[in-house]
Each structure stands twice: as structure tokens, then as C-alpha cells.
Amino acid sequence: MTSNSVESINNLTRHARKAPITQLMEWYRALLQKWYCAHRDKYKDSGANTLSDWATHKVMDRMQKSAHWKVLGIDYGRLYQVDDRRRVHQVDLTFRTCTCRKWQLSGIPCGHVIAVSRKIGCTDCSHLALGWFRKTTLYSTYQDLVYPVGEPSSWVRPDGLQVVKPPNMNFRTAGRPKNTEAIVVPPILVEHFELKQSLINMMTSDQFFGLEKDNPHDHIRWFNKITSTIKYRDVPNSMIKLMLFPFSLVGSRELARKRTPRSILLGNILVSKSSMILFLPQNDKSPT
Ligand SMILES: [Zn+2]
């Protein structure tokens with residue numbers, strides 16, 4: 001659950017976290033101000049026992065599922081046996097337990113408890129859920145106010161503050177590499193290199209049209225399969241792939257030729273079909 005929250009925040013801040021630290025902090029502050037204000041307003045008129053929308057949905061769902069479960073009393077008002085058609089569980093209303101353990105672990109009544117409630121004529125199960133699922137609790141969670149920090153010129157600066165310099169970022173950081181937004185073309189190690197017509201013909205034999213029925217992932221798989229075996233001395237396979245890729249897309253061949261009358265290695269070629277974007281760097285070495 002903790003990991004999910006972190007992933008959610010990471011996703012939310014994927015653009016904002018590239019900003020300088022002061023702007024990022026202001027972005028977080030503004031976000032909290034918006035959340036706190038909106039949630040406080042949402043829950044301000046809630047009844048004492050009203051469950052949150054999420055918890056209500058859970059209870060309603062379990063109510064429907066348990067509609068035909070069989071309940072037998074062991075000790076009326078306290079202990080019951082519930083047959084859910086797969087297993088038989090015991091519900092103890094005094095100690096607030098069910099032998100399926102869902103009630104104890106989640107704090108929301110399980111289907112067995114709801115079935116018992118129905119049996120004893122109690123249609124509202126909200127009092128059986130733990131307090132933190134109630135709207136009043138949510139309201140009090142957001143009762144603090146988040147204020148703007150004002151203009152930087154109006155801030156009080158305490159004496160003796162340590163100056164923290166930005167970290168040295170000229171090394172590869174640990175962990176998973178950052179998202180790349182463009183394909184980086186490696187330098188060409190040979191001066192005389194030309195794409196053969198037969199290779200280009202191979203690419204144009206099954207071009208990607210970018211239509212709704214066309215699956216870009218299938219196209220990439222096909223492209224990778226047929227290009228992975230092509231070899232040129234001193235030319236990385238990734239370089240060959242990058243040069244051939246535009247020819248596998250409909251319309252890109254003309255674009256490539258227009259920008260580069262004699263060779264596809266000249267100029268900066270941008271191919272965009274559906275979600276596929278390919279950059280080749282400008283002023284690259286050109287074949288003779
Ligand atoms: Zn249960």
C-alpha cells in the first residue's frame with residue numbers, strides 16, 4: 001500500500017520534479033492547498049455515521065454477494081454461523097470478529113457480518129465499519145489550512161544559514177535509468193557506408209500505415225526481428241536499425257529523400273507516425 005502511494009505521487013510529479021527545488025516545493029504546497037480545500041468542502045456536511053464513497057461501495061457490493069447466504073444463530077445477539085456456499089464461518093458481534101478475518105483485517109464488515117446484520121433486522125451496516133472509513137474522520141483529516149508562502153521578498157531570513165550547493169551530477173546515478181525521450185544515435189565508425197537498395201526494399205515490403213487496426217508493437221517486433229541479423233563491419237546494429245526504421249513507415253521515405261537528396265544520413269530526420277518518433281542528429285557524418 002505504501003509503495004502504491006509513492007508510485008502515485010511519482011506519476012503525478014513526473015514533470016514537476018524536473019523544475020528547480022523552490023518551484024517544486026511551491027508546486028507541492030499548491031497541490032496540498034487544493035486537495036485540503038476540496039476535501040474539506042466535500043465532507044463538511046457529512047452525517048456522523050456516513051461511510052466514505054469508497055467504503056460504501058465495498059459494503060454495497062458485499063451486501064449483494066451475501067444476499068442468499070444462510071445464517072443460523074448459535075447465541076442470539078452475539079454469535080452466529082454463516083454458510084456462504086463454500087465455507088461456514090462464525091461471526092462474533094461482541095468481539096467484532098469473523099473467522100474469515102476480513103472484518104478484523106480491513107475494518108469493513110465482511111459478507112458474513114452483513115448477512116448476520118440482515119438476519120437480525122439491521123439494514124444499515126455503517127456502524128460496523130471502523131471509524132477511519134467515516135466521512136467525519138476524512139473531514140477532520142483535512143481540517144488544517146494550507147496557506148500560500150507569500151512573495152520571496154517578504155520572507156524572514158534567519159542568520160547563519162548554511163549555503164547548500166547543488167550536487168555534482170556529472171556521473172551516472174544508481175538505480176534504474178531515467179526515461180529517455182528520444183533515441184540517441186551512436187557515432188558512425190566507418191566513413192564509407194551506404195544502405196543497399198535490397199535492404200530498403202525489405203523495409204518497404206511491410207510498412208506501418210498508422211491506421212487504427214495497425215498495432216505499433218507488432219510492427220516494432222517485426223522490424224526488430226528482420227533487422228537483428230543485418231551486419232556491417234564497424235557499424236553497430238542499433239545504427240542500422242535507426243537508419244532503416246523510417247523506411248518501414250508509410251510516407252517517411254519521401255520525407256527522408258526530401259530533406260536528404262543523396263543520402264539518408266544527412267540532415268535531421270524526424271519521422272512521426274502514430275506514437276513512433278525517431279530523431280537523427282544534425283550534421284552527422286555523411287557517406288561519400
Ligand atoms: Zn467473514
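Which residues does the UniProt annotation "domain: SWIM-type" cover? According to that unreviewed entry, the annotation covers residues 89-121. The legends below start with the whole protein, a predicted model, and then move along the sheet to this span.

**View 1. The whole protein has 10 helices and six strands.** Of its 288 residues, 16% count as buried. Among contacts with a separation of 6 or more, 55% come from residues 24 or more positions apart.

**View 2. Four strands make an open, antiparallel sheet.** Reading across, the order is β1-β2-β3-β4. At the edges stand β1 and β4 (97-98), each with a single partner strand, so one side of each has no neighbour in the sheet.

**View 3. Strand β1 pairs with strand β2 in an antiparallel hairpin.** Residues 70-75 make up β1, and residues 79-83 make up β2, with five bridges joining the two. To find your way along the pair, look for lysine 70, which stands opposite aspartate 83 in β2. Another pair to look for is glycine 73 with its bridge partner in β2, tyrosine 80. Three residues lie between the strands, and in this turn glycine 77 has a positive phi of about 85°. None of the six residues of β1 is buried, so the strand lies largely in the open.

**View 4. Strand β2 continues into a hairpin with strand β3.** Here too the strands run antiparallel, and five bridges join β2 to β3. Glutamine 81 has glutamine 90 in β3 as its bridge partner. The turn holds four residues between the strands, and arginine 85 within the turn has a positive phi of about 80°.

**View 5. Strand β3 shows two faces.** In a regular strand, side chains alternate between the two faces of the sheet. In β3 (residues 88-92), His89 and Val91 form the covered face. Val88, Gln90 and Asp92 form the uncovered face.

**View 6. A hairpin links strand β3 to strand β4.** Two bridges join these antiparallel strands. Aspartate 92, listed above on the uncovered face of β3, stands opposite threonine 97 in β4. Between the strands are four residues, including arginine 96, whose phi is positive at about 50°.

**View 7. The span annotated as SWIM-type in the UniProt entry covers residues 89-121.** How far apart do the end C-alpha atoms of residues 89-121 lie? They are 20 Å apart. By content, the span is 42% helix and 18% strand.

Technical notes
Residues numbered from 1 in each chain as written. Predicted model: local features only at pLDDT ≥ 70, side-chain atom pairs only at ≥ 80, totals over all residues. Buried ≥ 20, exposed ≤ 12 C-beta atoms within 10 Å, placed from the backbone. Pairing = 2+ DSSP bridges. UniProt positions renumbered as here; feature names shortened; annotations may be inferred. Contact = placed C-beta atoms within 7 Å.
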